[in-house]
Every structure is written in C-alpha cells, then in structure tokens.
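Biologist: Could you pick one part of this model and take me through it slowly? I'm in my first year, so plain words would help a lot.

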Amino acid sequence: MEKMLTVDNIHKAFGTNEVLKGVTLSLDKGDVLALIGGNGAGKSTLMKIIMGIYHADKGDIYIDGSMINVSSTSVALANGVYMVPQEPLLFPNMTVEENILIGFNESAAELHAKLDKHIEELQFDLNLQRKANTLSIAEQQLVEILKGLMREAKILILDEPTSALTIGEVQSLFRIVNDLKQKGIAIIYITHRLTEVFEIATHVAIMRDGIITANGPVSEFNREMLVNALLPPDAVHNTNNKTERKEVELDYSNLKPVLEVKDFSGYGFSDVSFDLYPGEILGVAGVVGAGRTEMARTIFGRDIVLGGKVILDGKDVTGLTTRKMLAAGVNYVPEDRYYHGIFKISSIAANTTSALLASDEIGKFKLNRKKENSIASKYAEEFRTKLVSLEDLIGSLSGGNQQKVVIGRSLSTKPKVVILDEPTRGIDAGARSDVYNIIHHLKEEGVAVLLISSDMEEVVELADRAVTVYQGRINAEFSKKDINQDNLTSAAFGIPVAKASGELA
Amino acid sequence: MKRLRGLLKNWEVILLLLLASEFIIFTLANPKFLNPVSILSSITNYIGICIIALFVTFVMITGGIDIQAPSIIGLTSITIGVLWSDAGFNIWVAVIAAIVLSALCGALSGFFVAYCDVQPMVVTLGGSFLYSGLALLISSMSKTPAYQGISKFPMKTEAGEFVSFRFLGKGTIFGFLPMPVFIYIVLILICWFLLHKTKYGRQIFLIGVNKQAAEYSGIHTKVITMSTYILTAIGASIAGILLTSNVDSAKYDLGSTFTLSIITAVVMGGTLSTGGKGSIFGTALASLIICILRYGLPLCFGVSTQNLDLPVGAMLLAVVVGRAIMGRGLLSKYFKRNLGNKSQ
Amino acid sequence: MKNIFNSLKSIRWISGLLFLIAMILITGMANPDFLSYKNIISCFNASVVFTLLAIGISFVIMTGEIDVSIGATMGLTASIAGMIAQQDGSPVKMLLIAVVVGIAVGAANGVGVAYFGVPSLILTLGTNGIVRGLVYIVSDGKTVENYAGTFTNYGEKVAAFGITYYYAVVIAVVLITHFLLTRTAKGRHFIAVGDNNLGAELVGISVFKTKMLAYMLSGIFAAIAGVAFASKYGQVNIVAGAGYEMSAIAACVLGGISLSGGLGNTIGAAIGAVIMSSVSRMLVFIGLSSNFNNTITGVLLITIVVVDALTQKNSIEKARRKRLLQRTAHSAGSMPEPEKGGE
C-alpha cells in the first residue's frame, strides 16, 4: 500500500546555514507521527517545506503515492495537507463560523451541513458565533483543525499544539487526535514533551541538527532512548573538551549574591527564586514557552510584576522601568533579535550605543560621535565583529555579527548583571564560539551572567550552576558537577531526574 | 565613475540635480525666471509648506504622520489677530500666546498617538477638524467678519521700513534676504542640528526603525513620539505668524490647502513613510523643488496658478512608485519572510 | 439579557447610532421644534453625498488601506456632470461617464497600493493632486453653473414618507452593499484582508484582487457622489469636493469602521455620514452658529477613536495575560505528575 506522505532526502540551507541535511520520513493513513527535537533542529523548516512556504533545495515529496511539486501553499492545501500553526492564523474580528467557512465557494447550506457533520463527529463544544479574538489558544486550534477538515485534509500537521494548553484542554485535544486517527487521517505531531509521545503517537521520529536520529513505532522506544537520541553523539566528548578551559569551580562561600530573585511571579511564570553571584554564569535551561523569557523580561521592566522581589546589590529593584534597570546595572540581550534587538536600518555604531542614550555617556544633549565611534569600535574589535565600517547598516551583517553588536550594547552600560536570552540561536558555529569567549570574558571581569538557553549543550559548556524551568516554575537546580545534557534535558522536558543528584524543587 | 555612482546613490544629490534642472529648464523657457527677488518671494509665498515639512519630517521618521499642521497655521493666525485687535494685547504677547496654544494642540494629539496607541492618521485628522473649528470659533469672537481677515498690524516707520510685527513677514535682512526666508534658513539649521546631531534626534530615528528595540534600550519612546507632534505644531505656529505678518491678514483658514504639498515635500525628501529614515536637507531641497515648480510653471509655461496640484501630485507619484519599483524585489522577500515567521 | 447586550456591543455601528440619537435628543431638548419627523428626515436626506462617499471609501478602509483621492474624483465627475447638464444632457450619460472615471482612478490607486506596495495615504494624496488638476483642465478653471433643463430639480423630489428619491436610492445601495458584504462569500474578503492578510492569503483569498476591487468601488461611489453633488448644488467650482475625503473618513470612523481594517460595514458608514452632515443643521436649532461644526466633529471623532483604541488595546492585553496565566496555572496542576513518575 502507498504511504500517505513520504518526504525523501530533503535538503534545505539558508545561506551557508544548512538546516536540513537529508531528511527522510513517511507516514501511513491513521498514523500519528510524533516529531521531537530541540529548537533549531529543523522541524519547523521541514513542515514549511511540506506546506509549500519554503522550497527544498533537494529532495522529493510524495503524497498518496504521487510525487508533488509543492510550489505554494495552495498546492499543499489542494493535496490535502493542512498545518495548524502554533499561533493560529485566524481572523480575529470574525466569528468562529466565518473563520471556518471563508475561502470556500460552495453554497452556504452545503458548507453548513458539512461543518455540522464534522462538529458532531468530533463532539466539539464550540459556540460558532463567538468572535475569534475571544477564543483561547486551544479553541483557536480546534477552529484550525476544523478548517483543515473542511478542506478534506488527509494529512494534518499539529505544531506544538499543547504548548499553551491546560491539562483539561490537552486531554480533549488527545481525544480529538484519536478520533482523527480512527478516521484515517495521517497526523504529524510536533512536540517538546516526551510524555505525550507515549500517550498519543503511533510512531516517533527524532530530529537533531537537520537529520533524523531515530525513527520507528513508539512501541520500540522508551524514554531513555528518546533522551539519548536528542543528545548529540559527541556529548561525552564535549564534556572533556570543556575541562580544557582552565576552570575552577566557584567558591561560593566568600561570595555575596549580586542579584536575588525571591518568590518572583509574573505573567507566564510563578514563584521563581534564585541567587546570582558576581563572576558566575547561571544557566537557565528549559524549552521554549517554559516561561524563561517572560521572567527575564519582567525583571527587565518590560512587564508587570505579580509578586515577589528582585534585589540587586541589596537594593530592591522590583518592578522598576527598563530605563531605571539599565541605570541600576542590569542589561538584557533579548531572545528575538529581529523584533527586540536590532535597529535594522541603523548603523552599527548607533546600534551599539542605543542603550547609552539614557545616560550622559555619549553626550549630554549633543551626540558625541567620537565617543560613540570609539565605544562601537572597541566592542567590534574585542568581539572580532566582521564589518567594513561602523557606519554600515546592521542589517548588512550576518546573524552572528549582529548578535555581537547587541551583546556589545548590553555591555556598554557597564552592567553588574547581564541576562543573555538564547544568545546563540540562529548563528553559525564560528560566531558561536566567539560569543562563548565573550561570555567567559565577562565572567572573568566579575559580571554576573544569567544565561537563558534551550540549547543544553550550551548550558553544559558555559554554566557554573544551572536551573531548569518547566511550565513557569524552576523544577530543578544543578551544581557544576551535575550539569550534563542528560540531567538538563530530562528536567527541561519535565521528566524527573531519577538518578541525578540534582534536587527537584 | 565609481564615485559618480556612489554620489547618485545619495538621494540628496539626486534632489540637487532635480533642482538644478528645474532652474535650467525654466530659465531656457523664460529668462525672466532668473530673478533673485521673485525667486525669494516665491519661497516666501510657500514658506508655510517649507517650514512645516521640516517638522513633519521628525514625525514621519518616528513612523507617524501629521495632517493637522495646516489647521494650526489658521489657528495661530486668528489667535494673534483676535488677541491683538479685539482683546487689545501687545502684539508680542499675542504671538507668544498663539505659540503656546499651538504647542498645547500638538501635545493633545501627540498624547493620543503616543500614550493611547491611536493611529496618527486618525488623531491628526480629528485634530485638523478640531483646531480648524477652534480657529473659526475664535474668529467669530472678533468684530471683523471672518472672510475679511484682521489686518493693519503694527507696521512701518515714517521712512517706509517694516518694523515690529510686520518686519517678520515683510522685512528684509542684509538688504535682500526676506525675513521669512532668513527664519527658514535658521530653522533648517536648528532642525538639522536637532535631528542629526543630538541624542534627541538619534532617539527619534531609533523609535522609527524599531520601537520595541528602542524600549529595550531604555528610550522613552512615548515622550519622544509625543514631542515630535508638539514640535510640528510649534513649527506650524511659526509659519502662521510669518504668513499673517507677510500678508497683513489674520484669517482662520490660512494654509488649509497645504497638506498635499507638505507630505509631498517630506516623502520626496527621502523620508520613509514607515519611519526610521529621513533627512532635513532632503526635505528642505524637496520643498524648494516644489516652490520653484509652483513659481516657474505659471511664469514659464503659462500654467494657471490654480492648477498646481497636478504637477505636485504627479511628482509625488513618480517618486513613490519609482522607489517601489526599485525596491520591488525586497518587498516580495519581506512578505515571504513574514509569512514564514508567523507560522513558526 | 446579558447576551443581547453583548451582541449589541459587538455590532460596532451601534455606538454611532447611539451618538446620532443622543445628538437628536440633545438638539430636541434645546429646541423642541427640531423633534419633528420632517426635520429629522431632512437630516438623512441631506446626507446623500456624504453617504455615497463614505460607503465607497469604507471598502478601502475595511481592507486596511485609505483613499484620500475621493474628494477630487467627486469634484471631477461633478464638473463633468455639470457641463453635461449645461447642454441638458441625460443623467444616464453622466452616470456612465462617472462610472468610467471612478474605475480609472480606482484602478490607478489599486495598482499603486496593491501591486507596487506604496503606502496608501501617500499614493492617494498624489492621485488626489492629479485628479484635482484634471478638474481644472476639464472645467477650464471656471465654475460650472447655469444648467439648462431640470437637473437640479431631481434632488428635492420626495419619493415617499418625506424621503427624497436620492436618499431612497442611497438606502437601497446601503442595504445591497451590506447584504453583499456580509452574506456572500466574496463580500467577506474585504474584511478578511483587513483583518489578517497573511491568513487571507493562506485560505486562498487574493489580497491584490481584493484591494484592487476596493479601490475601484471607492472610485465609482465617489464619482456617483459627484453627479449627486452637481445636481444638488446646481453649480460646481474647481475646488468642489476638496476636504470631503476627510469628512468621509470621519464618517466611517464614527460609524464604527476601524481604520486598521477588518471591522465595520456600510450601515455604519451611512450612519456616520448622517452624523457628519447633520451637525451643522442641528447647531442651527440649538442656536449655536454653524461655526461650531468642525469643533464638534473633531471632538466626536477623537473621542470615538481614542475610546476604541483603548478598549482594543485593553482586550488584547487581557487575552495575552490570560494566556500566560493559564500556562502557570497548568503547571501547578501538573507538577505532581512527574514526581509520581519518579517514585
């Protein structure tokens, strides 16, 4: 029998960055394939290729046995592929019904009959007259699934559907997935949560660095095997590598914490407590959506504090504005470089000094260009930023070099604490090692570094101490000797660290 | 050759060439065109457009737009007239009061834009109704009928020289330079310094490029955004003072037809309507191009002075569509990338 | 009861209607003479030109764009209609020419905005200037007046219940466009494009075609408004219609059409147009001079958009917070789970 969907030896590179290095996958009718992998593993890129948003550099896609050139989204839709994105793309001002039925040309009566049939079969409890902008994420996903079913989708892609759902909602989603499975629909289920694999999937595939590292029926796997497949093969080797750097374990007995976070709560995280010492790199590991970024943003004055305290050098800085946090000595390198980090059509110099505009560092009223250039070139040299002129637009630099400029900006305010949020996401290996050197350098200068990362390897390599955040709370803390990928990955995915010495909070 | 190409990439150089070719074409068509006195006085005629465009550049660089400024010209004019002629204030007190009132108007609109996140286009549309309405109301308080305009402002000495208030609009400096043009030049320098040489200007640019990133850099995006609307209102007020003084008439609807030309000048000057890019010299050059066009076309080609919107509109379209065609490849890439990001 | 209230709240032109009713009542309190059927219906009758303009531009605004060239388009067809009327030409000819002019201007705008991606305010400011120039060229810079025949008489003819023929036609147009917009598959495309253009593309709606169509409709309605204008006032000068685009935009905003697109309908536009055109009429009854007209319009406009923006902002922020809170509430419930697994 023909497979419902086969992707064969798919390659895709963005510039020099190879994202997919020959991915082959297939699934049958009624299969639920759980696709797991860390951030940047290439899952999203693969799905976008299947949906026709990107085009593969090499490789073929077969749907129901015939090779399809998925040149655009409409080709994918016409062939029965439908993706429910993590953040559904609904029309916020339209009702649920309008959202589902828009884009069809059949008569209203026909469409309604069809819709009623689907709703009844799946026992959806959804008021069709509600506006889409009043729906929860779970309800929006239901609407997206219905949109897919109305288009006779044979292959449904669910992109991390449970990342924003409550337990009850997850259960009803699983029930729906099971129903769809019975109806013979093939489902690709992307997830971060290993527990879900065993609950819902028939098959599992693990992706890392653009390749499939393990693939097969769920019955052939257990949790440990999944975790192992998520780890890079040279994980052990890496730990050896790390010791080459002359590193002493920090002696905490003489240190006073520079930043104390106590029972800190806000939107997206709750009851977070940790201390951060000068000259220390504290890793904050966890999957995307675990609440790490929300916590960092709230410390940095970008969102409202719901409870708890942040104490910097003995002074209470809870809930200060960003401007005051900068002055107090905290700086933050945002996770989303494009939206929150760079000023794309401004010069490298202007990008480096933007956080100094609030101080008198580069002039009281008149802009001191000389000073600005000397600061910008200082960081460009120190960080080995590849650039032609400081007057060039930052948009002309590679991602890694852009990130160096943003890190330079965060240091320009001479902070006591630097929060680095996914500092090496989407940058190439060369720039990555440069960034690691910068972080080490910071540590030597006595700056306290809070390193937020979903790249466990990175935390292992850099951190003196690490905590993991799982669903908005810190669920484990590890001292230097216990930081390894196994422990971090398990804790970040919410699996108790049975044998590790890390203590569960 | 390479250097030439580099120069041509600089928009201000292209504008300069355009201005030069205007001079050449108009002079060839009618040698009378090259009369410094008439050229300067033509700039004086359109001084409102020139001055306001400078300040609207600030607003547009932050990513906003201001279409209420022309209504503030009239408001200023009539305020001065009524305070001076009907309420008996000293003319300079009236001038200062008008500037303060205008600044308040700018602050109100700016507040709604910056603090309430209302689209600048709608707020300033409402503002243009409100402030022109206020102007009309103030004018109705005067004994002078609205259509007539308040005139006979403090003026000449025995020797026939303009002094006091009228000097601002009618006087000359260095013997040839009309005061409005002189003030315009001073304003260009001030605006250039503010926008390109100070931390304030830098913050305006950064807000326009990426407001989010500006906030992460600790920039007071709201205060600064609001301030650009206040500045524009003050600029419009200065324009209103000069116009009133120049024509010796305080009217509530002075300047009400300027919107198209102002936006044209700013956009043609190289300011991105999406914000983040622009220059004062660019705007000033584009304003001059428009002034010369409006002066030269009737003189040299017999185009009616009432029909100058057409060439100005055509020029605006040529510039924006031309730029869009050049940037077309980039645009479709932008769309694709956004599509990619959204469905991540 | 709460349901009725909620669904009322979701019909956005309700606030515009309430404003209109409040204005009528306030005027009535100041001067009871106003509260006659004749006076009130005349407010509606007087809004023909504004309503046509507002309906046309509402299509463009729903897609999230703007069109400030409609004032000039209206002036152009008004001049042409006036000149035809001077020859006692037929209104059918006027309307046909108007439709052609409207489509031409609309197509130019549509190509600039939807194909070249020029910001719509700037592009239509440019076409506004050019079309205004055409008005001058067509009319040779003179006011078009002294019609032959009966063209001006159509305007005040009453069809039934005090409603003029013109306004009766306008009512029909409002109802038809409202039906098309809300009850047909294609009609929803305007709103969809303004609501979420990426989402629209993904379900197979062409953003380009939709915006193109919106601009053409806007042009056609403005052009027809021009004919009505020529008939109503009996003379057309070269600045006829200047500034009307702003009043039409204001009418749409008053009628609950969001300038960011994706919200509103033509009934709202029509109600907004009545508000815009009757303010001065009501002022006369209150005993205030019509000098208050712009001030009151400005205050109304700013109040409505600021309140609208704040409620929108508030509800988005609320939804975000709720979503984030759910995440941690979720974890509180599930925390014991992994621990159980470990034991």
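Modeller: Sure, let's zoom in on chain B, where 74% of the contacts with a separation of 6 or more involve residues 24 or more positions apart. Keep in mind that this is a predicted model. In chain B, then, a lot of the touching is between residues that sit well apart along the chain. The chain has 344 residues, and 54% of them count as buried. Its secondary structure adds up to 16 helices and two strands, so I'll follow two of those helices, α6(B) and α7(B), through the picture.

How do α6(B) and α7(B) lie against each other? Their axes come within 9 Å and cross at roughly 155 degrees. An angle over 145 degrees counts as roughly antiparallel, and that is why α6(B) and α7(B) get this label. If you trace each helix from N to C on your screen, you can check this for yourself. As for handedness, α6(B) makes a right-handed crossing as it passes α7(B).

Now for the residues that do the touching. From α6(B) come B:C105, B:S109, B:F112 and B:V113. On the α7(B) side they meet B:P120, B:V123, B:T124, B:G127 and B:Y131. Sorted by class, this contact contains six nonpolar residues, three polar ones and no charged ones.

The two helices also turn up at the border with a neighbouring chain. Here 43 residues of chain B are in contact with 43 residues of chain C. Several helices of chain B give at least two residues each to the side that touches chain C: α6 (91–116), α7 (120–140), α13 (259–268), α15 (309–326) and α16 (328–342). Which helix gives the largest share of that side? α7(B) does, with 15 residues. So α7(B) packs against α6(B) and also has a big part in the border with chain C. By class, the side of chain B that touches chain C has 27 nonpolar, 13 polar and three charged residues.

Step across the border and you are in chain C. Its secondary structure comes to 15 helices and two strands, and 53% of its 343 residues are buried. Laid along its principal axes, the C-alpha trace of chain C spans about 100 × 55 × 35 Å. Take the contacts in chain C between residues at least 6 apart in sequence: 79% of them join residues at least 24 apart.

Chain C offers a helix pair to set beside the one we just looked at. Helix α8 (residues 165–183) and helix α13 (residues 266–286) of chain C have axes 8 Å apart and pack at an angle of about 145 degrees. C:V174, C:T177, C:H178 and C:L181 of α8(C) touch C:T266, C:I267 and C:A270 of α13(C). That contact has four nonpolar residues, three polar residues and no charged ones.

Before you close the viewer, have a quick look at chain A, which is assigned domain 1 (5–230), domain 2 (237–329 + 415–504) and domain 3 (340–412). The C-alpha centres of domain 1 and domain 3 of chain A lie 41 Å apart.

Two loop residues of chain A have an unusual backbone. Most residues other than glycine have a negative phi. A:E160 isn't a glycine, yet its phi is positive, about 40 degrees. A:Q471 isn't one either, and its phi is about 50 degrees, also positive. You'll find A:E160 in the loop between β7 (155–159) and α6 (167–182) of chain A, and A:Q471 in the loop between β19 (465–470) and β20 (473–479) of chain A.

Are these two buried or exposed? The cut-off for buried is 20 or more other C-beta atoms within 10 Å. A:E160 has 22 such neighbours, so it counts as buried. A:Q471 has 25, so it is buried as well.

Key:
Residues numbered from 1 in each chain as written. Chains lettered and ligands numbered in written order. Predicted model: local features only at pLDDT ≥ 70, side-chain atom pairs only at ≥ 80, totals over all residues. Helix = DSSP H or I, 4+ residues; strand = E, 2+ residues; numbered from the N terminus. Buried ≥ 20, exposed ≤ 12 C-beta atoms within 10 Å, placed from the backbone. Contact = placed C-beta atoms within 7 Å. Domains from an automatic or database assignment. Nonpolar A, V, L, I, M, F, W, Y, C, P; charged D, E, K, R; others polar. Axes fitted to C-alpha atoms, helices over the stretch in contact; angles between N-to-C directions. Parallel < 35°, antiparallel > 145°, perpendicular 65-115°, else oblique. Left-handed = near helix turned anticlockwise from the far one by under 90°.
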